[in-house]
Amino acid sequence: MSKRRPAILVLEDGRIFHGEAYGSVGESFGEAVFNTGMTGYQETLTDPSYHRQVVVQTAPHIGNTGVNGEDDESDRIWVAGYVVRDPARIGSNWRATGSLEDRLATEGVVGISGVDTRALTRHLRDRGAMRVGISSIDTDPQSLLARVLASPQMVGADLSAEVTTAKPYVVEAVGERRFTVAALDLGIKRNVPRRLAERGVTTHVLPASSSIEDLLATGADAVFFSPGPGDPATADGPVALAREVLTRRIPLFGICFGSQILGRALGFGTYKLGYGHRGINQPVLDRVTGKVEVTSHNHGFAVQVPGAGQGAVVPDQVIQTEFGGVQVSHVCLNDNVVEGLRAVDVPAFTVQYHPEAAAGPHDADYLFDRFAELIEGAGVLDRRPGEGTDALDRRPGEGTDALDRQHSEGPNHSEGRSNA
């Protein structure tokens, strides 16, 4: 096997790592983050939430199962760069249709291999996520560092418009349709509407710039705010839309970036985590059921609620907002980060992590059932033909009983589709 082309990685604090070109030869910049997942690299690469981020895989062997045409979470690779220690020489899996490196090269993704990813991860863990550059065309560290320092930061980055769908599309329910949901695409993953479809939900996926009129025009029984990239402090449009949804008392469920949007709509702040949560092994306490779930994460920002500083224990009491009471429903057991919000007086809840879990564990898959129960409890099944705005007439406190139900049978451990 011929020797690969030399490449370097330079962090904005001046730390240098040497390696070899992997994927496309070239140069790329972004925010360096690490992902602790030992499986699901294809889903990671195609997750729009990684837009403008250079992903460091902590698992040492990457590419072992190749790539296939089924496990993509969007229609392209979104990562700005890719860092691995030991790429597989041969991908081996009965579902594989090609190699990971060829896929990276075809899509122009600049990567670097042969890097001590353990040392790099520890550095980011200690110093925090930061800007980075990878180059296999200019291996002068000082020259690359100057361009890294000139590249944009993630704080203040408004990115949802860059990853959203260009036009609406529909994912039909599997079997009999029970509900219709309007999903605001801030960087949605394909497995979200799949999970909803399995519960009899037809999902209308709409561009991030959609108005309340656009959402209502779908005849939706409820609204979903998707995950996505960027700084939630910049997402004023989606926040205003979320406030409209809350005002009209339409059932709402948000995931990850969508959770941060709802947090802002409720009057809370957001802040950037030191190095974020990215992987498929994060323990989260569901305060509604008292159960601990192993969950899939990909977020660098979090919601700041009153009475809880960064890393402090999150209060369990009801917090009063313009839209009534709100409780912190989920908490990360590693660092006490807010991982979910539950509105008491309007039909809305969120989680900061990924119950669609592609790839990842399925402990939190039941949250899609909770969403369906929330819609059903809001009375949408009782609407007469031609109606669809009963949510406007709901009294405070109605339509949220589903969030109080104890899931005595535990999480739904459905296998879903296989992961790369």
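**Close-up 1. Helix 3 and its two sides.** On the face of helix 3 turned away from its buried side sit the exposed residues Arg118, Arg122 and Asp126. This is a predicted model, and the views that follow all come from it. Helix 3 covers residues 117–127, and its buried residues are Thr117, Leu120, Thr121, His123 and Leu124. Looking down the axis of helix 3, you will find these buried residues within an arc of 160 degrees, so they line one face of the helix. Follow the chain just past helix 3 and you meet glycine 128, which takes a positive phi of about 100 degrees.

**Close-up 2. Helix 4 against the strands.** Helix 4 (residues 141–149) has Leu144, Leu145 and Val148 buried. Down the axis of helix 4, its buried residues fall within an arc of 105 degrees, so they too line one face of their helix. What do the buried residues of helix 4 pack against? Their partners are strand 1 (6–11), strand 3 (27–35) and strand 9 (130–135). As a whole, helix 4 lies across strand 1, strand 2 (16–23), strand 3 and strand 9, and it runs at about 45 degrees to strand 1.

**Close-up 3. The closed barrel.** Seven strands form a closed barrel in the order 1-2-8-6-4-3-9, and their pairing is mixed. On average, neighbouring strands of this sheet are turned by 35 degrees against each other, direction ignored. One pair to look for is strand 6 (residues 81–83) with strand 8 (residues 110–113), a parallel pairing over two bridges. Within this pair, valine 83 stands opposite isoleucine 112 of strand 8.

**Close-up 4. Strand 11 between its partners.** Is strand 11 mostly covered or mostly open? Strand 11 (residues 179–184) is mostly covered, with six of its six residues buried. Phe179, Val181 and Ala183 point one way from the strand, Thr180, Ala182 and Leu184 point the other way, and all are buried. Strand 11 is joined by six bridges to strand 12 (residues 201–206), and the two run parallel. To get from strand 11 to strand 12, the chain passes through helix 6 (residues 191–197), making a right-handed β-α-β crossover. Strand 11 also pairs with strand 13 (residues 222–225), again in the parallel sense, over four bridges. Alanine 182 is a handy landmark here: it stands opposite histidine 204 in strand 12, and its bridge partner in strand 13 is valine 223.

**Close-up 5. The largest nonpolar core.** In soluble globular proteins, nonpolar side chains tend to be buried together. Here the largest nonpolar core has 37 residues, and the members that touch the most others are Phe225, Leu246, Ile261, Leu266, Phe268, Val305 and Leu341. At least two residues of this core come from each of strand 11, helix 7 (212–217), strand 13, helix 8 (236–247), helix 9 (257–265), strand 18 (324–332) and strand 19 (338–343). Which element gives the largest share of this core? That is helix 8, with five residues.

**Close-up 6. The surroundings of leucine 341, and a second core.** Leaving aside residues up to four places away in sequence, leucine 341 touches Ser259, Gly263, Leu266, Phe268, Val303, Val305, Val326, Gln327, Val328, Ser329, Phe349 and Thr350. A second core of 25 residues is separate from the largest one, and among its members are Ile255, Val284, Ala372 and Ile375.

**Close-up 7. Two loop residues with positive phi.** Arginine 52 lies in the loop between helix 1 (41–45) and strand 4 (53–57). Its phi is near 65 degrees, a positive value in a residue other than glycine. Arginine 52 is partly exposed, with a relative accessible area of 23%. Asparagine 336 is found in the loop between strand 18 and strand 19. The phi of asparagine 336 is near 65 degrees, also positive in a residue other than glycine. Asparagine 336 has a relative accessible area of 25% and is partly exposed.

**Overview. The whole protein.** Stepping back from the close-ups, you can count ten helices and 20 strands in the protein. Of its 420 residues, 59% are buried. Take the contacts between residues at least 6 apart in sequence: 76% of them join residues at least 24 apart.

Technical notes: Residues numbered from 1 in each chain as written. Predicted model: local features only at pLDDT ≥ 70, side-chain atom pairs only at ≥ 80, totals over all residues. Heavy atoms only, no water. Buried < 20%, exposed > 50% of the residue type's maximum accessible area, 1.4 Å probe, protein only. Pairing = 2+ DSSP bridges. Right-handed = clockwise from strand over helix to strand, strands pointing away. Arc of directions from axis to C-beta. Contact = heavy atoms within 4.5 Å. Core = buried A, V, L, I, M, F, W, Y, C linked by side-chain atoms within 4.5 Å. Axes fitted to C-alpha atoms, helices over the stretch in contact; angles between N-to-C directions.
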